2 protein chains.
Amino acid sequence: MRPDDILEVRKLHLFENMQEDNFQAMLNAAYLQTFPAQAELIREGDPSDFLYVVLEGTIELFAQSNDHETTMAMVRPFNTFILAAVLKDAVYLMSARTVQRSRVLMIPNSNVRAALETDSGFTRSIVIELAGCYRAVVKDQKNLKLRTTIERLANRLIRYHKEQGSTGSLELFHDKKTLASLLGMTPENLSRAFNTLKPYGVRVLGNRIELEDLDALETFAKPDRLIDDRSV
Amino acid sequence: MRPDDILEVRKLHLFENMQEDNFQAMLNAAYLQTFPAQAELIREGDPSDFLYVVLEGTIELFAQSNDHETTMAMVRPFNTFILAAVLKDAVYLMSARTVQRSRVLMIPNSNVRAALETDSGFTRSIVIELAGCYRAVVKDQKNLKLRTTIERLANRLIRYHKEQGSTGSLELFHDKKTLASLLGMTPENLSRAFNTLKPYGVRVLGNRIELEDLDALETFAKPDRLIDDRSV
DNA sequence: CGACGATTTGAATAGGATCAATGGGAGTGG
DNA sequence: CCACTCCCATTGATCCTATTCAAATCGTCG
């Protein structure tokens with residue numbers, strides 16, 4: 001692993017409270033890998049072997065059952081995925097593949113659990129990270145059960161817009177197909193949903209979306225901080 | 001708190017790895033309360049103040065937004081709820097009310113976090129508990145996104161049947177209205193879904209459901225251990 | 001240029017929601 | 001004890017959202 005990579009990883013929330021020697025030991029056992037787009041990293045049902053930390057790129061978490069497939073989440077730097085499976089030493093509940101070329105830190109299962117036992121700073125970080133993951137899924141579920149598809153799209157646009165600096169326009173960092181699945185609808189429906197939002201100033205230019213009347217869109221979308229605020 | 005209550009609490013997974021003096025300190029600060037049916041325990045959006053452990057009865061976790069309300073989960077003994085909010089010292093994402101008269105242990109927020117710092121056995125239990133909660137919600141979400149309402153009902157019946165000892169019949173421990181909301185459908189639709197399952201041997205007798213042809217039902221439901229098995 | 005996949009549009013359908021009305025217990029008060 | 005009420009559950013009819021199927025368009029890449 002390159003020295004600047006190490007410095008970068010060291011600064012992640014997950015590791016910042018960790019003792020230096022424990023950190024070194026864990027890093028020695030870990031792999032830093034770069035995957036091309038569309039690479040399958042893990043498959044649901046397999047026993048967990050690594051904790052993954054996304055350093056660059058985008059990872060799609062998805063699940064299948066019954067001949068259907070759905071996108072569960074998109075993981076961006078600098079977040080982890082599949083943490084719960086590692087902690088419980090259980091099988092993965094979701095599969096993961098890269099969307100773009102991505103750089104990923106892979107920490108063997110046993111090393112994570114060893115560090116958990118010996119390093120209380122790390123344990124604290126893990127607890128916070130895991131609690132954050134839990135709350136994210138709960139928000140997702142509220143989103144799914146309490147809103148229509150169009151409301152979900154509107155609120156997602158508002159969220160991405162804010163995350164990208166509220167410049168009046170935003171970039172979708174994944175396919176519309178994937179966005180549709182993430183929001184729990186079909187691609188055809190997503191396309192129609194965009195049309196429905198046109199009167200509220202939503203303009204679609206490929207992967208770039210312009211929000212020309214944020215007030216109107218927010219009035220329609222009724223954002224709810226207990227669903228949409230990632231920081232809550 | 002009565003001595004036999006203390007013994008009972010001591011045996012919970014969450015506390016069994018805790019040091020005796022830490023356990024005593026925590027219990028001294030905790031409240032053991034009995035609530036009548038339909039009592040509201042917490043409201044979403046409020047800052048977290050207690051970690052709750054259900055000792056007896058049933059608690060409904062629900063959420064509201066946009067004039068709609070949905071049941072997120074039913075918590076039965078001996079599970080905790082609202083753990084993530086306590087750990088992050090954040091506001092609750094869900095509200096909670098009793099379904100039946102229920103006995104609940106309430107541990108103040110600060111005591112949970114103090115014990116987390118000082119007792120590594122407790123920390124380990126918390127991590128496992130939280131990871132379990134996370135995986136439960138992920139399964140719920142797969143259930144919602146990958147199955148139709150009828151499939152969800154069929155698999156839920158199979159699950160309850162197994163949990164209650166596979167005797168050929170099962171008891172719903174909550175209203176059909178609540179079950180409908182939990183499964184993400186309307187009460188009217190639940191009623192129709194039961195009718196649709198009649199050819200597979202599902203007989204409804206008030207709160208008691210008899211499964212007269214489990215094979216047929218399972219063939220229809222296609223249970224998936226990565227969704228339906230609570231132990232995975 | 002041609003091929004392929006992604007996106008959009010259109011038409012038909014299905015699944016589920018809503019609205020309305022009825023039946024059925026459980027609890028209440030006379 | 002019985003009538004009354006209220007809430008839950010069921011049933012029917014209709015509406016609406018979203019899916020499916022089909023086809024056209026667009027853009028990208030070789």
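Trainee: So a salt bridge is a side-chain nitrogen of Lys or Arg within 4 Å of a carboxyl oxygen of Asp or Glu. How many salt bridges over all chains, then?

Mentor: By that rule you get 26 over all chains. Keep in mind that this is a predicted model. Take Arg97(A) and Glu60(A): their side chains meet in a salt bridge at 3.1 Å, N to O.

Trainee: Where do those two sit in chain A?

Mentor: Arg97(A) is in strand E7 (residues 95-98) and Glu60(A) in strand E4 (residues 59-65), so to speak distant parts of the chain, 37 residues apart.

Trainee: Is that pair buried or exposed?

Mentor: Buried, with the cut-off being under 20% relative accessible area. Arg97(A) comes in at 17%, and Glu60(A) at 6%.

Trainee: OK, what about Glu44(B) and Lys142(A), where do they lie?

Mentor: Glu44(B) lies in the loop between strand E2 (40-42) and strand E3 (50-56) of chain B, while Lys142(A) is in helix H6 (residues 120-146) of chain A, so that pair joins two chains. Their closest N and O atoms are 2.7 Å apart, and both residues are buried.

Trainee: How many salt bridges are there between chain B and chain A?

Mentor: The count is 4. The interface also has 20 residue pairs in polar contact, both partners at pLDDT 80 or more.

Trainee: Which elements of chain B give two or more residues to the side that touches chain A?

Mentor: Strands E4 (59-65) and E5 (68-75), plus helices H4 (83-88), H5 (109-118), H6 (120-146), H8 (176-182) and H11 (225-228). H6(B) gives the most, with 19 residues. By class, that side of chain B has 25 nonpolar, 12 polar and 15 charged residues.

Trainee: How many residues does each chain put into the contact? And what area do they bury?

Mentor: Chain B gives 52 residues and chain A gives 52 residues. Between them they bury about 4,600 Å², with 68% of it on carbon and sulfur atoms. On the chain B side, Leu93(B), Tyr134(B) and Lys145(B) supply 16% of the area buried against chain A, more than any other three residues.

Trainee: Back to salt bridges. Which residues are linked in a network?

Mentor: Glu8(A), Glu56(A) and Arg103(A) are linked that way. Within it, Arg103(A) bridges to Glu56(A) with the closest N and O atoms 3.0 Å apart. That pair again links distant parts of the chain: Arg103(A) is in strand E8 (residues 102-108), Glu56(A) is in strand E3 (residues 50-56), and they are 47 residues apart. Arg103(A) is buried at 12% relative accessible area, but Glu56(A) counts as partly exposed at 42%.

Trainee: Changing topic: which residues of helix H9 in chain B are buried?

Mentor: Leu190(B), Ala193(B) and Phe194(B), in a helix that runs over residues 187-196. Down the axis of H9(B), the buried residues fall within an arc of 100°, so they line one face.

Trainee: What covers them?

Mentor: The cover includes helix H7 (149-163), H8, strand E10 (202-205) and strand E11 (208-211) of chain B.

Trainee: I want to check backbone oddities too. Which peptide bonds are cis?

Mentor: Pro77(A) to Phe78(A) is one, with omega near 0°. Pro77(B) and Phe78(B) are also joined by a cis bond, with omega about 0°. Phe78(A) is in the loop between strand E5 (68-75) and strand E6 (80-81) of chain A, and Phe78(B) is in the loop between E5 and strand E6 (80-81) of chain B. Most peptide bonds are trans.

Trainee: And what is phi for Ile82(A)?

Mentor: Positive, about 75°, although Ile82(A) is not a glycine. Ile82(A) sits in the loop between E6 and helix H4 (83-88) of chain A and is buried at 8% relative accessibility. Ser166(B) has a positive phi as well, near 50°. Ser166(B) is in the loop between H7 and strand E9 (169-171) of chain B, and at 44% relative accessibility Ser166(B) is partly exposed.

Trainee: Last one: what does Thr80(B) touch?

Mentor: Leaving out residues up to four places away in sequence, Thr80(B) touches Leu14(B), Leu51(B), Tyr52(B), Val53(B), Val75(B) and Glu129(B). With Glu129(B) there's a side-chain polar contact of 2.7 Å. Thr80(B) lies in strand E6 of chain B and is buried, at 8% relative accessible area.

Terms used. Residues numbered from 1 in each chain as written. Chains lettered and ligands numbered in written order. Predicted model: local features only at pLDDT ≥ 70, side-chain atom pairs only at ≥ 80, totals over all residues. Heavy atoms only, no water. Contact = heavy atoms within 4.5 Å. Buried area = accessible area lost by both parts, 1.4 Å probe. Polar contact = N/O pair within 3.5 Å; in protein donor to acceptor, adjacent residues only side chain to side chain. Helix = DSSP H or I, 4+ residues; strand = E, 2+ residues; numbered from the N terminus. Nonpolar A, V, L, I, M, F, W, Y, C, P; charged D, E, K, R; others polar. Buried < 20%, exposed > 50% of the residue type's maximum accessible area, 1.4 Å probe, protein only. Arc of directions from axis to C-beta.
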